[in-house]
Amino acid sequence: MGERMTGAEMAAWRHLLGLTLDELAEALAVNVRTTRSWESGRDPIPLRIGTEVATLVVEHGELAARMVDDGRPVAITRDKAAPSPRPRGWYVAAAARALAVEPGLMVEWA
């Protein structure tokens, strides 16, 4: 990313990732007031944060692709065994991305 991410872009990516403001702040290791300020447009978003958000989007897309490629029903839960466990909304949003690609995919609560 060569240009700064806008607050609206950050909000859109955050929603795609299924994260709350608090959860995004935790993932970026910043205070939630900071993410709120960025999303509202009060403060510019540092370039490094745009890069970190882009990395989260790639990670999320890879999870959705694995869900599609796996061919088994997708069980949505918080994966506590993952190296960096994400909130439940992260997995729900990834399942939604997978369903957009493969509408016949079975998704279940675990």
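Two residues are in contact when heavy atoms of theirs lie within 4.5 Å. With that in hand, leucine 63 makes a handy starting point in this predicted model. Once its neighbours within four places in sequence are set aside, leucine 63 is in contact with Trp90, Tyr91 and Ala94. Leucine 63 itself belongs to helix 4. Its relative accessible area is 12%, and since anything under 20% counts as buried, leucine 63 is buried. Another pairing links leucine 63 with alanine 98: the two are 35 residues apart in sequence, yet their C-alpha atoms are 8.6 Å apart in space.

Now for the chain as a whole. It holds 5 helices and 2 strands, and reading along the sequence gives the pattern α-α-α-α-β-α-β. Taken along the principal axes, the box filled by the C-alpha atoms is roughly 45 × 25 × 20 Å. The chain has 110 residues, and 35% of them count as buried. Its accessible surface comes to about 6,600 Å², with 55% of that belonging to carbon and sulfur atoms. Contacts that reach along the sequence show up here too: among those between residues at least 6 apart, 65% join residues at least 24 apart.

Helix 1 and helix 4 are one pair to look at. Helix 4 covers residues 47-70, and its axis lies 10 Å from that of helix 1, with an angle of about 25° between them. Angles under 35 degrees count as roughly parallel, so helix 1 and helix 4 are roughly parallel to each other. Their crossing is left-handed. On the helix 1 side, the residues involved are Met10, Trp13, Leu16 and Leu17, and they meet Ile49, Val53, Leu56, Val57 and His60 of helix 4. Sorted by type, the residues of this contact come out as 8 nonpolar, 1 polar and no charged.

Histidine 60 deserves a paragraph of its own. This residue is found in helix 4, and its relative accessibility is 0%, so histidine 60 counts as buried. What does histidine 60 touch, not counting residues up to four places away in sequence? The list runs to Leu16, Leu17, Trp90, Ala93, Ala94 and Arg97. Two of these names, Leu16 and Leu17, are in helix 1.

Elsewhere in helix 1, which spans residues 7-17, sits arginine 14. Is arginine 14 buried or exposed? With a relative accessible area of 10%, arginine 14 falls under the 20% cut-off and is therefore buried. Apart from neighbours within four places in sequence, arginine 14 is in contact with Leu19, Thr20, Leu21, Leu24 and Glu39.

The next pair of helices is arranged in another way. Helix 2 takes in residues 21-28 and helix 3 residues 32-40, and their axes come within 8 Å while crossing at roughly 110°. Because angles from 65 to 115 degrees count as roughly perpendicular, that label fits helix 2 and helix 3. From helix 2, the contact is made by Leu21, Asp22, Leu24, Ala25 and Leu28, and from helix 3 by Val32, Thr35, Arg36, Trp38 and Glu39. These residues divide into 6 nonpolar, 1 polar and 3 charged.

Valine 32, a residue of helix 3, gives a single-residue view of this contact. Not counting residues up to four places away in sequence, valine 32 touches Leu21, Asp22 and Ala25. The C-alpha atoms of valine 32 and threonine 20 are separated by 9.8 Å, with their positions 12 residues apart along the chain.

The loops have a couple of residues to mention as well. Alanine 29 lies in the loop between helix 2 and helix 3. Alanine 29 is not a glycine, but it has a positive phi of about 60°. How does alanine 29 stand, buried or exposed? Its relative accessible area is 71%, and over 50% counts as exposed, so alanine 29 is exposed.

Proline 85 is found in another stretch, the loop between strand 1 (74-76) and helix 5 (88-101). At 35% relative accessibility, which lies between the 20% and 50% cut-offs, proline 85 counts as partly exposed. Proline 85 and asparagine 31 are 54 residues apart in sequence, and from C-alpha to C-alpha they are 19 Å apart in space.

How values were computed: Residues numbered from 1 in each chain as written. Predicted model: local features only at pLDDT ≥ 70, side-chain atom pairs only at ≥ 80, totals over all residues. Heavy atoms only, no water. Helix = DSSP H or I, 4+ residues; strand = E, 2+ residues; numbered from the N terminus. Buried < 20%, exposed > 50% of the residue type's maximum accessible area, 1.4 Å probe, protein only. Axes fitted to C-alpha atoms, helices over the stretch in contact; angles between N-to-C directions. Parallel < 35°, antiparallel > 145°, perpendicular 65-115°, else oblique. Left-handed = near helix turned anticlockwise from the far one by under 90°. Nonpolar A, V, L, I, M, F, W, Y, C, P; charged D, E, K, R; others polar. Areas by Shrake-Rupley, 256 points an atom, 1.4 Å probe, with all protein chains shown as cover.
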